[in-house]
Amino acid sequence: PLDFYGKIIEICRKLDKKVLLDTSGQTLVKSLEYKPFMIKPNETELEAIVGEKLIEEQDILKAACKVHKDGVELVCVTLGGDGCIGVSKEGPFRLKAPSIETVNTVGSGDSFLAGCAVALTRNQSIEDVLKTGMACGMANTQFARTGHVSRELVDRFYSMVTVF
């Protein structure tokens with residue numbers, strides 16, 4: 001049901017746990033009513049949330065700021081090889097990394113979210129949370145096996161991510 005994640009978010013909130021939500025469509029839109037801690041939409045998913053086409057990067061930032069203002073503490077819009085845009089109470093962040101050769105991109109979004117989760121459990125800054133997420137997503141692209149990353153690659157890619 002559309003409120004499935006919402007019910008989970010409510011349970012987690014009572015237990016003082018953060019929910020990092022990665023879903024799409026009407027499930028994502030409905031779940032925003034429950035205000036998860038973090039969402040990770042891509043550009044198309046963000047368009048579905050705000051109900052309009054996002055043409056320029058400024059449009060994406062404006063939409064992410066609106067979702068944040070509506071109660072999601074960390075909104076991170078993934079842009080594939082173009083990095084990501086993050087919005088939190090610390091402000092907006094634009095992250096980029098140099099182009100890298102890829103073997104397989106399947107699972108990179110999940111790896112991104114897993115990296116963010118690890119950094120959040122370590123109480124890292126939002127900037128470091130997003131950099132760790134990007135580094136994990138990038139590391140995932142280096143293996144044919146889906147969802148596989150190595151600590152060595154994460155550390156190397158982390159240092160290549162630029163935040164501005």
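**Leu 130**

I started with Leu 130 in this predicted model. I asked whether Leu 130 is buried or exposed. Its relative accessible area is 0%, so I logged Leu 130 as buried. I placed the residue in helix 6, which runs over residues 126–140.

Next I looked up what Leu 130 touches beyond its neighbours within four places in sequence. I found contacts with Leu 74, Cys 76, Gly 86, Phe 93, Leu 95 and Phe 112. I also checked the spacing to Leu 32. The two residues are 98 apart in sequence, and their C-alpha atoms are 20 Å apart in space.

**Pro 92**

I moved to strand 5, residues 91–96, where Pro 92 sits. Pro 92 has 52% relative accessibility, so I count this proline as exposed; the cut-off is over 50%. Leaving out residues up to four places away in sequence, I noted contacts of Pro 92 with Leu 61, Gly 86 and Val 87. Gly 86 was already in my list for Leu 130.

I then took the C-alpha to C-alpha distance from Pro 92 to Val 75 and got 9.4 Å. In sequence, this pair is 17 residues apart.

**Helix 3**

I asked which residues of helix 3 are buried. Helix 3 spans residues 43–50, and I listed Glu 45, Leu 46, Glu 47 and Ile 49 as its buried residues. Two glutamates are in that list, Glu 45 and Glu 47.

What covers them? I found that the cover includes helix 2 (25–31), strand 2 (38–39), helix 4 (57–69) and strand 3 (74–78).

I checked both ends of the helix. At the N-terminal end, Asn 42 is the cap. A side-chain oxygen of Asn 42 lies 3.1 Å from the backbone nitrogen of Thr 44. After the helix comes Gly 51, with a positive phi near 70°.

**Thr 23**

I found Thr 23 in the loop between strand 1 and helix 2. Its relative accessible area is 16%, so Thr 23 counts as buried, the limit being under 20%. Outside its neighbours within four places, Thr 23 is in contact with Tyr 5, Leu 28 and Glu 45. Glu 45 is one of the buried residues of helix 3.

**Positive phi outside glycine**

I looked up two backbone angles here. Most residues other than glycine have a negative phi. Asp 16 has a positive phi of about 60° and is not a glycine. I located Asp 16 in the loop between helix 1 (4–14) and strand 1 (20–21). At a relative accessible area of 71%, Asp 16 is exposed.

Lys 35 also has a positive phi, near 55°. I located Lys 35 in the loop between helix 2 and strand 2. Lys 35 has 38% relative accessibility, so I put this lysine down as partly exposed.

**Asn 104**

I turned to the loop between strand 5 and helix 5 (108–121), where Asn 104 is found. Asn 104 is buried, at 17% relative accessibility. What does its side chain reach? I found the backbone oxygen of Ala 144 at 2.9 Å. A polar atom of the Asn 104 side chain also lies 3.0 Å from the backbone nitrogen of Val 106.

I listed the wider contacts too, not counting residues up to four places away in sequence. Asn 104 touches Asn 140, Thr 141, Phe 143, Ala 144 and Thr 146. Ala 144 thus turns up in the contact list and as a partner of the side chain.

**The whole chain**

I finished with the chain as a whole. I counted 7 helices and 6 strands. Read along the sequence, their pattern is α-β-α-β-α-α-β-β-β-α-α-α-β.

I asked what the radius of gyration is, given 164 residues. The chain has 15 Å; a compact globule of that length would be near 15 Å, so the two agree. The C-alpha atoms fill a box of roughly 40 × 35 × 30 Å along the principal axes.

I noted that 43% of the 164 residues count as buried. Of the contacts with a separation of 6 or more, 53% join residues 24 or more positions apart. The exposed area comes to about 9000 Å², with 52% of it supplied by carbon and sulfur atoms.

Last, I tallied charges. I have 20 positive and 22 negative side chains. The centres of the two sets lie 5 Å apart.

Methods:
Residues are numbered from 1 along each chain as its sequence is written. This is a predicted model: local features need pLDDT of at least 70, side-chain atom pairs count only at pLDDT 80 or more; totals for chains, interfaces and linings use all residues. Side-chain values use heavy atoms; hydrogens and water are left out. Helices (H or I, at least four residues) and strands (E, at least two) are DSSP runs, numbered from the N terminus. Buried means under 20% relative accessible area, exposed over 50%, partly exposed in between (1.4 Å probe, protein chains only). Contact means heavy atoms within 4.5 Å. A polar contact is a pair of N or O atoms within 3.5 Å; within protein, one must be able to donate a hydrogen and the other to accept it, and residues adjacent in sequence count only if both atoms are side-chain atoms. The radius of gyration is taken over C-alpha atoms; the globule rule is 2.2 Å times the number of residues to the power 0.38. Accessible areas come from the Shrake-Rupley method with a 1.4 Å probe; for residues, only the protein chains shown count as cover. Lys and Arg count as positive and Asp and Glu as negative; His and the chain ends are not counted. The place of a charge is taken as NZ of Lys, CZ of Arg, CG of Asp or CD of Glu.
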